[in-house]
Amino acid sequence: MAALIDGKAIAAKVREQAKEKAAQCAAAGRAPALAVILVGEDPASAVYVKNKAKACEACGVRSLEYRLPADTTERQVLELIADLNADDTVDGILCQLPLPGHIRETAVVNAIVPEKDVDGFHPVNVGRLHLGEDCFVPCTPAGVIRLLEETGVDLCGKRAVVIGRSNIVGKPVASLLTAKNATVTLCHSRTENLPAVTREADVVVVAVGKKHFLTADMVRPGAVVIDVGIHRDETGKLSGDADFDALLPVVSAITPVPGGVGPMTIAMLMENTVKACRAHLRLG
Ligand code: NAD
């Protein structure tokens with residue numbers, strides 16, 4: 001029977017470690033502080049922002065929320081970011097995406113100084129990640145790797161297939177797996193004969209945004225599956241990009257949805273915020 005990769009438990013451990021390090025920051029000067037900007041009324045974004053504030057509280061991180069109306073101009077958002085960049089008591093800044101159509105995401109992401117870019121979306125952090133240098137790693141990809149590490153999956157020399165090449169998930173996951181010495185294939189919507197590629201893999205990470213996309217016939221017996229997808233049906237029930245029930249008897253380990261990758265994202269945000277603060281306070 002396959003092992004369930006318990007993202008809830010692993011996320012709790014990451015949060016606990018972040019809390020300890022946050023307490024060290026507080027003892028050395030001040031608690032870490034995270035500024036979250038939310039523009040407009042997107043309900044899913046509002047839930048994410050609320051959950052981030054809750055995690056901050058649990059970890060001893062000071063949370064600053066900036067809720068701006070949907071008609072806020074790009075210039076006003078950039079001015080707020082400039083103020084937060086200059087504020088010595090703020091360690092991390094993130095702007096919840098998506099933004100209203102009149103505000104350019106790239107302008108906003110590029111405005112946050114790389115040292116406070118705890119989402120890891122700034123081009124400097126993206127570049128450092130691909131160079132294998134110390135940087136802020138985007139939270140969901142960092143969570144995927146932590147799940148594999150905590151499960152004891154040996155990636156060295158193994159074949160890993162990532163399905164999905166988005167900038168926030170697929171590409172950074174592929175880069176991180178490469179840094180772990182896996183042999184990585186990055187697949188996407190134009191990949192020919194995808195099942196033949198995925199069947200070669202020891203580890204499959206699926207991030208396509210299509211419910212139950214990864215089926216049992218697409219993986220070889222004993223593979224490890226990490227499911228990044230999140231889909232909510234009319235009844236509120238969550239499911240992922242992998243056909244979990246069908247895959248369970250075939251794989252050696254798999255993340256459930258909910259309770260797999262999902263809880264890791266905010267936990268890794270806490271880790272990144274504490275890392276920013278420690279650098280800021282020169283705690284090493
Ligand atoms: P995206 O839409 O930006 O990218 C999807 C990728 O899938 C694209 O690169 C596309 O080429 C690929 N794709 C689409 N159809 C395909 C096909 N038929 N065959 C192969 N590849 C195909 O999505 P994203 O932002 O990377 O998110 C992916 C999923 O992960 C979504 O369900 C999203 O909700 C979820 N997600 C979860 C978290 C989390 O915290 N757990 C974070 C981010 C995204």
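These are my notebook entries on the ligand site, the voids, the domains and the odd backbone spots of this structure. Note to self before anything else: the model is predicted.

**Entry: the ligand**

I began with the ligand and asked what surrounds it. Its shell holds 21 residues, and the ones that come nearest are Arg165, Ser166, His188, Lys210 and Thr265. I then sorted the shell by class and got nine nonpolar, ten polar and two charged residues.

Next I looked up backbone contacts to ligand oxygen. I noted a polar backbone atom of Arg165 at 2.7 Å from an oxygen atom of the ligand. For Ile230, the distance from a polar backbone atom to a ligand oxygen is 3.3 Å. Val228 also puts a polar backbone atom 3.4 Å from an oxygen atom of the ligand. How much of the ligand does the protein bury? On its own the ligand exposes 850 Å², and 72% of that is buried by the protein.

**Entry: the largest cavity**

I ran through the whole structure for closed voids. The search turned up two cavities of 30 Å³ or more. The largest cavity holds about 80 Å³ of space. I wrote down its lining: Ile93, Leu94, Cys95, Leu97, Val108, Val109, Ile112, Asp117, Asp119 and Phe121.

Which elements supply at least two residues each to this lining? They are strand E4 (92-95) and helix H4 (105-111). E4 has the largest share, with three residues. By class I get eight nonpolar and two charged residues in this lining, and no polar ones. Asp117 and Asp119 are both on the list of lining residues, and Asp goes in my charged bin.

**Entry: the second largest cavity**

The other cavity I logged holds about 30 Å³. Leu34, Val36, Val49, Lys52, Ala53, Cys56, Ser63 and Glu65 line this second largest cavity. Three elements each put in at least two of those residues: strand E2 (33-39), helix H2 (43-59) and strand E3 (62-68). I checked the shares too, and H2 has the largest, at four residues. Sorted by class, the lining of this second largest cavity comes out as five nonpolar, one polar and two charged.

**Entry: the second largest pocket**

Then I moved from closed cavities to an open pocket. The second largest pocket comes out at about 380 Å³. It has 18 lining residues, and nearest its centre I find Leu129, Cys135, Val137, Ala142 and Leu176. Helices H5 (123-131), H6 (139-150), H7 (170-179) and H10 (262-280) are the elements that give two or more residues to this pocket lining.

Which classes make up the lining of the second largest pocket? I count eight nonpolar, two polar and eight charged residues there.

**Entry: domains**

I pulled the domain assignment for the chain. It gives domain 1 as 29-113 and domain 2 as 139-262. Taken over C-alpha atoms, the centres of domain 1 and domain 2 are 29 Å apart.

**Entry: backbone oddities**

Last job was scanning the backbone. Where are the cis peptide bonds I should flag? One joins Leu97 and Pro98, with omega about 5°. Pro98 sits in the loop between E4 and H4, and those two elements turned up earlier in the lining of the largest cavity. Leu97 itself is one of the residues lining that cavity.

Another cis peptide bond runs from Val257 to Pro258, with omega near 0°. I placed Pro258 in the loop between strand E11 (253-254) and H10. I had already met H10 in the lining of the second largest pocket.

I also flagged Asn193, which has a positive phi of about 50° though it is not a glycine. Asn193 belongs to the loop that runs between strand E6 (183-187) and helix H8 (194-198).

Definitions and conventions: Residues are numbered from 1 along each chain as its sequence is written. This is a predicted model: local features need pLDDT of at least 70, side-chain atom pairs count only at pLDDT 80 or more; totals for chains, interfaces and linings use all residues. Side-chain values use heavy atoms; hydrogens and water are left out. A residue is near a molecule or strand if one of its heavy atoms lies within 4 Å of it. A polar contact is a pair of N or O atoms within 3.5 Å; within protein, one must be able to donate a hydrogen and the other to accept it, and residues adjacent in sequence count only if both atoms are side-chain atoms. Accessible areas come from the Shrake-Rupley method with a 1.4 Å probe; for residues, only the protein chains shown count as cover. On a 1 Å grid over the protein atoms alone, a cavity is a set of points where a 1.4 Å probe fits but cannot get out, and a pocket is an open set with protein on both sides within 12 Å along at least five of seven lines; lining residues have an atom within 4 Å of a point. Grid points are joined across faces, edges and corners, and a volume is the space filled by probe spheres set on the points. Domain bounds come from an automatic or database domain assignment.
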